[in-house]
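Biologist: Could you take a close look at one part of this model for me, and then follow the backbone from there to whatever else deserves attention?

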Amino acid sequence: MALHNGESYLKPLAHSCNVVLASTGKQPNLRMLLPMSCKQCHGGAFIQAKPHLTGTSVFSASAPPRRQQGGRQLALRTAAKLAQKAEYIWMDGAEGQDSKGLIFNEMRAKTKVIQEPLGLNPKDYPDWSFDGSSTGQAEGNNSDCILNPVFVTPDPIRGEDNVLVLCEVFYPDGTPHETNTRAKLEALITDKVRKEACLFGFEQEYTLLTKQGTPFGWPLGGYPAPQGPFYCGVGSESVMGRQLAEAHMDACVRAGLIISGINAEVMPGQWEFQIGPVGPLEVGDQVHLARYLLHRLGEDFQALASFNPKPMKGDWNGAGAHTNFSTASMRKEGGMEAINAAIERLSKTHPEHISQYGTGNELRLTGKHETCDMNTFRSGVADRGASIRIPLPVQLKGYGYLEDRRPSANVDPYTVARLLIKTCCPK
């Protein structure tokens, strides 16, 4: 399913007039309203409808142009054309916490309508506030928290000039909120760290669940075939949820995120997308926006995207967030020396990392299902049962990057970046 000609995603809508609804015929959730000509809704103006993610052919419809009747109608249309919807997005810091459990995610969002588009510079967007007592971020007697825009992208769902605005959370006195892990990372990025030009590649695994909590493709009250055919599988007998995974990848591309790819994972109903290579602040910004888009599209597909590190008990793989990390020293000729030195330092800070690498991770890091026991630190070449893996091509070239396989799927990407920089980079 792909987007074409700059068109945006359109969510399923009920409609009263006789316009064309495009559908695959298989997924009711994929029904998208094509912007056909409609006298009731569009005043009979000529509108060209183009292909959308349903993969339909090009449709067009026209009606005789109609003269604008009255300045009020013209003014309304002019205002509608100029108005921009800015979706302000932030995190409440409760991903995987006891207050929410492992089902509810930490993303929060609300829409600000701006009469004239502001572009993609976050400094151009005004601060906003929200009721922190309703998100667990403040008390009711002093509930205002401040949203400070830090990253803006085109909104691939609403299209037009509409944008996604990722925000940091601040207290009213201007200090970073305790849930603002981005500020903690930014404070660590000194001139010495900048010289190392740290790069991150974040592999976000997730599990698609039905509203009943069953993984996509699993029989109700039962189990699918044992693991084996599903990893990078092809065909309806092996792959569950591809429509949403593809729609999500397209949305990330349309938003301008540096998404490297997607694949079906080992457990049926489980998927992965990769963000990077990007810098430390960028990896957190882009992973959070990619997570937002996944949850937002899940609304239209009636699907729940879970970052639970062990969604199904038993002989099933968990969900992690393997993080590929490198510095300028690691990426140049002879970089294996810097990689080995970093691994040695990581071995000494293992407890600190594990304590902040996500909640419920002890259920995943058992020494089975391509993990190392969480109380053990081990590294190895091409070893997916290690804490830190050195990819075989890196070993053969003698330079490159390392892979930290310990973070869980619900980990905070800003925290992962901060800990890797703190441990591996010069002070």
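Modeller: In this predicted model, the part I would start with is the loop between strand 10 (199–209) and helix 5 (242–254), where Cys 232 is found. Although Cys 232 is not a glycine, its phi is positive, at about 55°. Most residues other than glycine have a negative phi, and most peptide bonds are trans. Cys 232 counts as partly exposed because its relative accessibility is 41%, a value that falls between the 20% limit for buried and the 50% limit for exposed.

Gln 302 can be read in a similar way: its phi is near 55°, again a positive value in a residue other than glycine, and its place is the loop between helix 6 and strand 13 (304–306). With a relative accessibility of 45%, Gln 302 counts as partly exposed.

Helix 6 (residues 280–301) in turn packs with helix 3 (residues 181–188), their axes lying 10 Å apart at an angle of about 165°. Since angles over 145 degrees count as roughly antiparallel, helix 3 and helix 6 are therefore roughly antiparallel to each other, and the crossing in which helix 3 passes helix 6 is left-handed.

Another backbone feature belongs to strand 12 (residues 270–278), which contains Pro 277: the peptide bond from Gly 276 to Pro 277 is cis, and its omega is near 5°.

On the surface, finally, Val 381 joins Leu 392 and Leu 396 in a nonpolar patch with about 280 Å² of accessible area together. Val 381 belongs to strand 15 (residues 379–381) and, at 37% relative accessibility, counts as partly exposed.

Notes. Residues numbered from 1 in each chain as written. Predicted model: local features only at pLDDT ≥ 70, side-chain atom pairs only at ≥ 80, totals over all residues. Heavy atoms only, no water. Patch = residues over 30% accessible without salt bridge, like charges linked within 9 Å, V, L, I, M, F, W, Y side chains within 5 Å. Areas by Shrake-Rupley, 256 points an atom, 1.4 Å probe, with all protein chains shown as cover. Salt bridge = Lys/Arg side-chain N within 4 Å of Asp/Glu carboxyl O. Helix = DSSP H or I, 4+ residues; strand = E, 2+ residues; numbered from the N terminus. Buried < 20%, exposed > 50% of the residue type's maximum accessible area, 1.4 Å probe, protein only. Axes fitted to C-alpha atoms, helices over the stretch in contact; angles between N-to-C directions. Parallel < 35°, antiparallel > 145°, perpendicular 65-115°, else oblique. Left-handed = near helix turned anticlockwise from the far one by under 90°.
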